[in-house]
Amino acid sequence: MRVLFVHPSPLMYSEIYLRLEPLGMERVAAAVRAAGHDVRMIDLQIFKHPDLFAELKGFKPQAVGFSLNYLANAPEVIDLAKELKRLDPQCFVFSGGHSGSFVADELLEHAEGAIDCVLRGEGETAAVMLLQAVGTDSIAKVPGAVTTRGVGPAPIMLDDLDKFFPARDLGRRRNKYFIGVLDPAASIEFTRGCPWDCSFCSAWTFYGRSYRKSTAEAAAEDMASIKESGVFIVDDVAFIHPEHGFAIGKEIEKRRIKKRYYLETRSDVLCRNPEVFRYWRKLGLEYMFLGLEAIDEEGLKLHRKRSSMGVNNKALEVARDIGLTVAINLIADPSWDARRFEIIREWAMSIPEIVHLTVATPYPGTELWFTESRKLTTLDYRLFDIQHAVLPTTLPLDEFYRQLVKTQDVLNKKHLGFAALKEVATIAGKLALKGQTNFLKMLWKFNRVYNPERQYNEHFKEVKYAMRPPKMHTDKRPAAEDLYIHMPKPAKHGAVSADPLAPGGGGR
Ligand code: B12
Ligand code: SF4
C-alpha cells in the first residue's frame, strides 16, 4: 500500500528557537515500511500546504496518517483531512500521536467522516495492524483504534525499543532541523516514558507511568547513522539511570562518534547523578534544558514537581561546574500580576542561565485538566500551546500579554543583547558559511512572532472547532481510565514509588 505520513505546521515556539525532526512519526513510518508498504513522509514544519497537495497528486497515497502530538495543531489536521477526503474519497485517513490520543472521539466528530480512524497510543505496532485491516471489517478490532463504528481494545506498547530505527532517510530538507546554535540537529530517543507524575504534564499518563530503555548498542548504532553534527536527545528526563547513560557513552566512544548534544533532565536527577553528565560533557554535551517550573516552594508543590528550591539551586551549580549551558523553564500562571512578572525578571537577570517562560495550561491527559477549578476562558484548540492564557487572568488579558512578552523579551535580550552580540555574530557567521542559516534567521524573528497584540487578537478569531471541556471536576486524582492511554502495569515490587529516584522507583 502507498502510505503518506504528514506532520503538521510549527507552533509559535518552534518558529523561533528550534525546529526538530518528527521522530515519533519517523519511527511509525519505519515500522510500516518494514511491513512492506511503500512509505513517504512530509513535514509541514518545513514544507507548505501546496507542497502536501502536490505530493498527494504525484504519489497518490492509498492511506494518509497525520501525526498529532500537539493539541494546537488539531484544527489544521481536521481541515487537511477534510480537503484530502474531498480530493480522494477512497483514501484511508488516520491520525495518531500524543495529543490526538487524548481527544480521539472529538477529532472524529469534528472531522465528520474525513478521518477514518484515530489510533491511540504508540504507533509502531498498531499502525501496521491498522493498515492490514483497511478494507475489512476489523478496523475497530485494532488495539487503540477509535472509529465512528466502534472502539478497539486497549492500545499496545512496543515490546522492544530497539526494533525500529527512525526512518530519517524519508525526511527531506533535513538541514532545516536545528535547536539554537546546534544547526543542523537531528533527534534521538534513548528511553521512553517518565516515572514521575507532575500535575501539568501528560508524558506519564500517555505511557502509563512506565519507563523503557533502548540497549546501549542499539542507541549507539542509531547515533552512528546520524549525519548531522548536532543531536537533540528527546527523552523526557535524561539519564535517570546513570549506568544506562554510561553504557551508551562507551558504545559511542567505541564507534568514535563526535557530536554536540542537547538534552532535557530534572534538577534532582542532575544532582543525584552528576558524574554521568560530566562524562557526557566530554562526549560533546553542551546544552541542557531544566524544567524548574517555579522559583518558590509553593509553586513547586502546586505542580507536584517532587523537587525543592534547594535542589534546583544545587542543580544550577552542578551544571555550571560541569560547564554546561542551561536553559530553564518557568511556568507563568494567568493569576500573575505586574509585580510577579517583575520578580521573575529580576530573578532571571540575577542568574547566568537562559530562562524561558511558558503559560500554565491544563491539557487533556493531565491531572490538571480535571483538578483545575478555574474555568477555561476559551475552547479554541489553537490557543492550547502554552504561549496563550486559557484560564482567567488577574491582569486585563492585553496587559497580561504585554507583561509576558516584555518578560520574554528581557530574557531573550539577556542572551542576544549587545554583550552577547559579538559571540552570537561569530557563531551565526560560521554557520552561514556552511550554508546553515536557521540560527541566524531565528535572531531576527522574535518581535514578529512574540507580539502581545498578535497573541491577544488570537483570542477573538472565529472558533471553527471547539474543544470539549473537562467532563468533571475533582479535587482527587482522577480514575485511571480517565487519565491513562497505556494503562500502568503493576510494578514488580508493588506500586511505583512516590519518589522515582528511590530504590524500587523509576518505573520498570
Ligand atoms: C521532543 C519533544 C518536543 C520537541 C520535538 C517536537 C517534534 N518535532 O516532534 C520540541 C522541543 C521541538 C518540542 C516542542 C514543543 N512541545 Co514538545 N515534547 C517533546 C517530548 C518530550 C517527546 C516527543 C518525542 O519525540 N517522543 C518520542 C517519540 C518516539 O514519541 P512520539 O512523538 O510521541 O510518537 C509516538 C506516538 O505519539 C505515536 N505517533 C506519533 N506520530 C504518529 C503518527 C501516526 C499516524 C500514528 C499512528 C502514531 C503516531 O507513535 C509514536 C511512536 O510510538 C514530548 C513528551 C512526550 N514524552 O511525549 C513533549 C510534548 C509532546 N510537547 C509538548 C509541548 C507543550 C510542546 C510545545 C508546545 C512547547 C512550547 N514551549 O511551546 C512545543 C511545540 C512544538 C511544535 N510542534 O511546534 C507537550 C504536548 C502538549 C499538548 N498536549 O499539546 C508534551 C506532551 C510535553 C508535556 N510536558 O506535556 N517538543
Ligand atoms: S518529570 Fe518532566 S516528563 Fe516527567 S512528569 Fe514531570 S514534567 Fe512530565
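Two residues are in contact if their C-beta atoms, placed from the backbone, lie within 7 Å. By that criterion, ten residues of domain 1 are in contact with 14 residues of domain 2 in this predicted model. The briefing below begins with the two domains, then turns to the sheet that contains strands 4 and 5, to strand 13 and its partners, and to two helices.

**Domains and their interface**

- The domain assignment of the protein chain places domain 1 at residues 2-151 and domain 2 at residues 173-332, and the C-alpha centres of these two domains lie 28 Å apart.
- On the side of domain 1 that touches domain 2, the elements that give two or more residues are strand 2 (18-19) and helix 5 (98-102), and helix 5 gives the most, with three residues.

**The seven-stranded sheet**

- Seven strands form an open sheet with mixed pairing, and their order across the sheet is 3-1-4-5-6-7-8; the edges are strand 3 (38-43) and strand 8 (150-151), each of which pairs on one side only.
- Within this order, strand 4 (residues 63-67) and strand 5 (residues 92-96) pair in the parallel sense over five bridges; Ser 67 stands opposite Gly 96 in strand 5, while the bridge partner of Phe 66 in strand 5 is Ser 95.
- Strand 5 is mostly covered, with five of its five residues buried: Phe 92, Phe 94 and Gly 96 point one way from the strand, whereas Val 93 and Ser 95 point the other way, and all are buried.
- Helix 4 (residues 74-87) packs on the sheet, where it touches strand 4 and strand 5, and the direction of helix 4 makes about 165 degrees with that of strand 5.

**Strand 13 and its partners**

- Strand 13 (residues 230-233) is covered on both faces, since Gly 230 and Phe 232 on one side and Val 231 and Ile 233 on the other are all buried.
- Strand 10 (residues 185-188) pairs with strand 13 in the parallel sense over four bridges, and Ile 188 stands opposite Ile 233 in strand 13.
- Strand 14 (residues 260-265) also pairs with strand 13 in the parallel sense, again over four bridges, and Leu 263 in strand 14 is the bridge partner of Ile 233.
- In general terms, the strands of a sheet pair through backbone hydrogen bonds, either parallel or antiparallel.

**Helix 15**

- The twelve residues of helix 15 (residues 338-349) should span 16 Å at 1.5 Å a residue, and the end C-alpha atoms of the helix are 17 Å apart, which agrees with that expectation.
- Phe 341, Ile 344, Arg 345 and Ala 348 are buried in helix 15; seen down the helix axis, the buried residues fall within an arc of 100 degrees, so they line one face of the helix.
- On the other side of helix 15, Arg 339, Ile 343 and Glu 346 are exposed.
- An α-helix has 3.6 residues a turn, so residues three or four places apart point the same way.

**Gly 310 in helix 14**

- Gly 310 has its place in helix 14 (residues 309-322), and it counts as exposed because it has 11 C-beta neighbours inside 10 Å, where the cut-off for an exposed residue is 12 or fewer.
- Gly 310 and Asp 268 are 42 residues apart in sequence, and their C-alpha atoms are 9.9 Å apart in space.

Terms used. Residues numbered from 1 in each chain as written. Chains lettered and ligands numbered in written order. Predicted model: local features only at pLDDT ≥ 70, side-chain atom pairs only at ≥ 80, totals over all residues. Pairing = 2+ DSSP bridges. Axes fitted to C-alpha atoms, helices over the stretch in contact; angles between N-to-C directions. Expected span 1.5 Å × (residues − 1). Buried ≥ 20, exposed ≤ 12 C-beta atoms within 10 Å, placed from the backbone. Arc of directions from axis to C-beta. Domains from an automatic or database assignment.
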